[in-house]
Amino acid sequence: MAVTRGFEGNVLEIQMLTALAFAAQGKTKRALRVLGPLLERAEPEGYIRLFADEGQPMAHLLTYISAATSASPEYLRTIQTALIPTQETQVLVPDVQSVVSQWSLIEPLTARELEILRLLAAGSSNLQIAHQLVISLNTVKRHVQHIIAKLGVTNRTQAVASARALRLL
């Protein structure tokens, strides 16, 4: 109904915001299922700024979108190019690298996982972490497993190295 009354742009924006909301909730696959068809409908009309204005959250989704859309690679590159932050943006937001690093992960680390990661980087054992955070040893082990999976590594040492490379530490 809204489309037939000339509100196509509004409908696209609502769907784009829905995709971003799913992404913010950690539901990346669902976000991509919404965003994929949306990009297909937006391409013929040349919508660029609609997506580019959403910044890093949109950039994160676009890195995974190719399998979820039939929108042309050229169109996707155009949007991604429009998303590149300027030097001014980086000066105004000094902590932008940390935010970018978190968004570059398929599933961002939770606050607790970041806390445990910092303790791992400091050389703490699982037992020391459990005592310091007043949680069970099994909970620490589970968090470490989640950290390793989210960073796409195979052990604690690689997790710390990867986190440093991503500037999460």
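## Glutamate 45 and the H2–H3 loop

Glutamate 45 sits in the loop that joins H2 to H3. In this predicted model, its relative accessibility is 59%. Glutamate 45 therefore counts as exposed, since the cut-off for that class is over 50%. Its C-alpha lies 9.6 Å from the C-alpha of glycine 9, although 36 residues separate the two along the chain.

## Overall fold

The protein chain has eleven helices and zero strands. Its pattern along the sequence is α-α-α-α-α-α-α-α-α-α-α. The chain holds 169 residues, and 35% of them count as buried.

Among contacts with a separation of 6 or more, 64% link residues 24 or more positions apart. The accessible surface of the chain is about 9900 Å². Carbon and sulfur atoms contribute 56% of that surface.

## Helix H2

H2 covers residues 28-42, 15 residues in total. From first C-alpha to last, H2 reaches 20 Å, close to the 21 Å expected at 1.5 Å a residue.

Which residues of H2 are buried? They are Thr28, Ala31, Leu32, Leu35, Gly36, Leu38, Leu39 and Ala42. An α-helix has 3.6 residues a turn, so residues three or four places apart point the same way. The cover over the buried residues of H2 includes H1 (8-24), H3 (49-52), H4 (56-62) and H5 (73-83).

## Two nonpolar cores

The largest nonpolar core has 25 residues. Leu35, Leu39, Phe51, Met58 and Leu62 touch the most other members. H1, H2, H3, H4 and H5 each give two or more residues to this core. In soluble globular proteins, nonpolar side chains tend to be buried together.

Leucine 35 shows how H2 meets its surroundings. Beyond its neighbours within four places in sequence, leucine 35 contacts Ala19, Phe51, Met58, Leu61, Leu62 and Ile65. A second, separate core has 19 residues, including Leu109, Ala130, Val160 and Ala163.

## Glutamate 113 and histidine 143

Glutamate 113 belongs to helix H8, residues 111-121. Is glutamate 113 buried or exposed? Its relative accessible area is 3%, so glutamate 113 is buried; the limit is under 20%. Leaving out residues up to four places away in sequence, glutamate 113 touches Pro108, His143, His146, Ile147 and Lys150.

Histidine 143 lies in helix H10, residues 137-151. At 12% relative accessibility, histidine 143 counts as buried. Outside its neighbours within four places in sequence, histidine 143 contacts Arg112, Glu113 and Ile116. The contact with Glu113 links histidine 143 back to the residue described above.

## Positive phi at valine 134 and arginine 167

Most residues other than glycine have a negative phi. Two residues here deserve a look on that point.

Valine 134 is not a glycine, yet its phi is positive, about 55°. Valine 134 is placed in the loop between H9 (126-133) and H10. Its relative accessible area is 70%, so valine 134 is exposed.

Arginine 167 also has a positive phi, near 60°. Where is arginine 167 found? Its place is the segment after helix H11 (156-165). With a relative accessible area of 55%, arginine 167 is exposed.

Notes. Residues are numbered from 1 along each chain as its sequence is written. This is a predicted model: local features need pLDDT of at least 70, side-chain atom pairs count only at pLDDT 80 or more; totals for chains, interfaces and linings use all residues. Side-chain values use heavy atoms; hydrogens and water are left out. Helices (H or I, at least four residues) and strands (E, at least two) are DSSP runs, numbered from the N terminus. Buried means under 20% relative accessible area, exposed over 50%, partly exposed in between (1.4 Å probe, protein chains only). Contact means heavy atoms within 4.5 Å. Accessible areas come from the Shrake-Rupley method with a 1.4 Å probe; for residues, only the protein chains shown count as cover. The expected span of a helix is 1.5 Å times one less than its number of residues. A nonpolar core is a set of buried Ala, Val, Leu, Ile, Met, Phe, Trp, Tyr and Cys residues joined through side-chain atoms within 4.5 Å.
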